[in-house]
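Student: I am new to this structure. Could you show me how to read its features?

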Amino acid sequence: MNPVSLLRRHWMWLAVLVLMFAIPFAFYDWSRGRHSGFALTLMSEMALMAVFALSYNMLMGQAGLLSFGHAILFGIGAYFTAHSLNFIKANDILWIPAELIPLAGGVGGLLCGILAGYVATKQRATAFALITLGLGELFAASALMFMTFFGGEGGITTNRVIDSSLFGIAYTSAWQVYCLLVVWAMIAAMLMHLQTQTPLGRMANATRDNFERTQFVGYDPRMVRYWQFILAGFFAGIAGGLYTLVYEIVTFDTLAAVKSANALLAAYIGGASGFFGPVLGAAVVVGLQSGISLYTSAWLLYLGVLFIVMVMYVPGGLIGLITMHRPIAQMGRLRELFLPYLRILLPGAVTMLGFVTFVELATHRTIGAAQGKTLAVFGMPVDSESLLPWVIGVAMVVGGGLWLRIEGRGFLLRWNGLIEDAKARGIVA
Amino acid sequence: MTDAAIQLTDVRKSFGRTEIIRGVNLTIPRGQRHAIIGPNGAGKTTLFNLISGRFPITSGKITLNGRDTAGLAPQQINHLGLSRSFQITSIFPRMTVFENIRCGLLWSRGYKYSFWHLLGSQRKLNEASDQLLERLNLHTRRDLPAGLLSYAEQRALEVGITIAGGADLILLDEPTAGMSHSETEYAQALIRSVSEGKTLVMVEHDMGVVFGLADIITVLVYGEVIASDTPANIRSNRAVQAAYLGEEAA
């Protein structure tokens with residue numbers, strides 16, 4: 001294949017890679033010649049969550065299996081990595097390069113997948129979801145009971161600097177670790193992408209679509225689920241291994257329900273149907289968690305509202321939203337949507353701002369004020385005791401909402417017109 | 001005896017207290033094209049479900065190429081060389097038409113649960129899938145999600161998935177149901193050519209297809225075989241005329 005067509009087909013990968021290395025430099029402190037620690041941690045978290053969410057989607061998107069306990073695979077991978085590092089350190093093993101350490105997480109996740117998957121994949125659909133829920137609780141409870149492996153509440157601490165490297169890198173600085181992380185995340189994502197094109201990957205789709213029929217073409221749907229679960233475990237474990245490298249401490253949070261929920265949120269918000277969906281979703285979820293949480297204690301509420309809105313109105317997720325535009329782009333008429341978009345984004349923004357005002361006022365009254373915080377909008381202090389800001393907030397929600405309804409109709413009309421044109425020209429079926 | 005591809009010995013099936021299949025004895029020799037006809041509710045589809053392992057039998061014995069199928073899962077029966085289609089279309093709706101066909105081919109080509117073969121570079125497999133698509137007249141729909149096909153096209157795909165693996169024993173459950181006259185004719189020719197040298201059993205309501213294809217016709221009424229004979233003899237069989245062809249023969 002020639003390089004041009006190769007680039008055309010895989011530009012997404014290149015774009016992600018370039019972005020991953022470029023964004024930290026946007027936060028680079030040139031006067032002191034140092035990377036921003038916050039930006040690197042945020043980006044690291046996004047990268048490892050992207051791997052985790054992609055591995056989650058191997059079950060949800062590919063095989064139609066809704067798991068509520070995916071974090072056990074991640075957590076066990078993280079613990080495995082921490083113990084491996086400590087073991088290498090304690091026994092002065094020098095022949096294992098630091099670059100291969102995340103594989104220990106992969107092995108941990110794989111073993112956990114063999115064990116947990118054996119139980120969970122006996123069933124599908126609701127029963128599968130409930131078994132994974134139970135397994136998640138079981139592992140989280142075990143983490144607090146078996147001190148030697150899980151380290152109880154305090155967790156297991158480790159040190160990623162093991163003085164052996166393929167490239168002579170010590171991994172003492174956050175930037176070095178970040179580079180290793182990006183490379184591993186890219187490799188894991190590519191392998192997962194390739195897996196979708198294998199017989200197992202396709203039969204996972206088939207069991208999702210119609211599990212009974214797969215039996216009559218020779219496949220045991222249970223074995224398809226089991227293999228898929230084990231492989232998802234491997235990649236979730238690698239994500240866990242990357243987590244250990246970044247934070248150098250592993251606690252039972254890594255395998256608890258909240259972590260599982262994060263994978264589900266990322267995969268759903270990003271979109272389970274497109275391969276890159278969970279990557280987008282992971283960026284959004286981590287962004288809200290680590291970025292927005294600096295400004296407001298109500299970030300979890302925003303995440304919840306976003307999730308509900310996505311489930312209700314955009315079941316295809318962000319990636320679905322993007323791919324919906326493909327036929328219009330193929331006709332070369334994307335430009336015609338610019339103005340209609342502007343006209344719904346404006347009332348949309350007003351509604352959202354009103355909602356944020358309302359939520360922030362409420363949280364300030366209930367939590368913020370007690371903590372002695374002051375509420376400020378664009379640097380101007382706002383008094384949550386007075387009536388005016390409340391009235392403004394509610395008025396923006398109601399007024400913006402009504403305005404959005406009116407503009408929304410116009411937008412829909414325009415959109416449907418374009419899709420009809422695309423249909424007439426045979427671009428969409 | 002050893003020449004029998006499918007042999008049913010006093011096969012019975014009850015759902016709760018109702019006995020749907022009431023002691024069926026049937027021997028289908030290798031290479032035969034066999035049609036099962038009968039009024040609605042006679043148990044034709046249930047019989048297929050028993051042979052293909054979808055439901056376990058209540059009593060009796062089913063052997064495929066001499067092997068007892070008791071306790072085998074559908075996929076294990078499939079590995080014995082039997083493939084079936086469904087009366088209610090059963091395809092993979094979110095996958096493309098091409099991928100549907102390829103799913104039907106994978107096991108027989110020995111891929112099993114492989115996650116180390118990239119399907120894109122399996123030339124022989126993909127060529128075989130494309131060739132079958134062409135024979136099914138579905139090649140123009142190749143990259144469409146199967147769920148978007150018209151009803152008749154989905155029926156053709158249903159048959160395609162069934163025959164893709166090259167099974168020796170083919171069970172088709174109303175393959176031409178809902179097809180137009182010309183589509184039925186095309187399907188009939190297709191079924192004839194793909195079942196060449198193989199054992200074919202089909203449930204069919206279109207008498208044109210039945211009498212055009214079958215070597216032997218079995219008539220099933222209320223879970224019992226009332227006749228099993230050549231088309232000519234079935235046509236003149238009094239009991240069959242009374243029970244089934246009644247209105248048409250009169």
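Student: Which strands of chain B does helix α1 (residues 44–51) lie across?

Tutor: Keep in mind that this is a predicted model. To place a helix on strands, look for the strands it crosses, then take an angle. Here α1 of chain B lies across β3, β6, β7 (169–173), β8 and β9 (216–221) of chain B. The helix runs at about 150 degrees to β7(B).

Student: In what order do the strands of the open sheet in chain B come?

Tutor: Read a sheet from one edge to the other. This open sheet has six strands, in the order β6-β7-β8-β3-β9-β10 (chain B). The pairing is mixed. The edge strands are β6 (82–84) and β10 (224–229) of chain B, and each pairs on one side only. Direction ignored, neighbouring strands are turned by 15 degrees against each other on average.

Student: In which sense do β3 and β8 of chain B pair?

Tutor: Follow the bridges between the two strands. Strand β3 (residues 33–37) and strand β8 (residues 199–203), both of chain B, pair in the parallel sense over four bridges. For one example, take B:H34: its bridge partner in β8(B) is B:V201.

Student: How many residues of chain A are in contact with chain B?

Tutor: Count each side of an interface separately. On chain A there are 26 residues, in contact with 33 residues of chain B. Elements giving two or more residues to the chain A side are α7 (174–195), α8 (199–216) and α9 (221–247) of chain A. The largest share, 13 residues, comes from α8(A).

Student: How do the residues on that side of chain A divide?

Tutor: Sort them by character. They fall into 13 nonpolar, eight polar and five charged.

Definitions and conventions:
Residues numbered from 1 in each chain as written. Chains lettered and ligands numbered in written order. Predicted model: local features only at pLDDT ≥ 70, side-chain atom pairs only at ≥ 80, totals over all residues. Contact = placed C-beta atoms within 7 Å. Nonpolar A, V, L, I, M, F, W, Y, C, P; charged D, E, K, R; others polar. Pairing = 2+ DSSP bridges. Axes fitted to C-alpha atoms, helices over the stretch in contact; angles between N-to-C directions.
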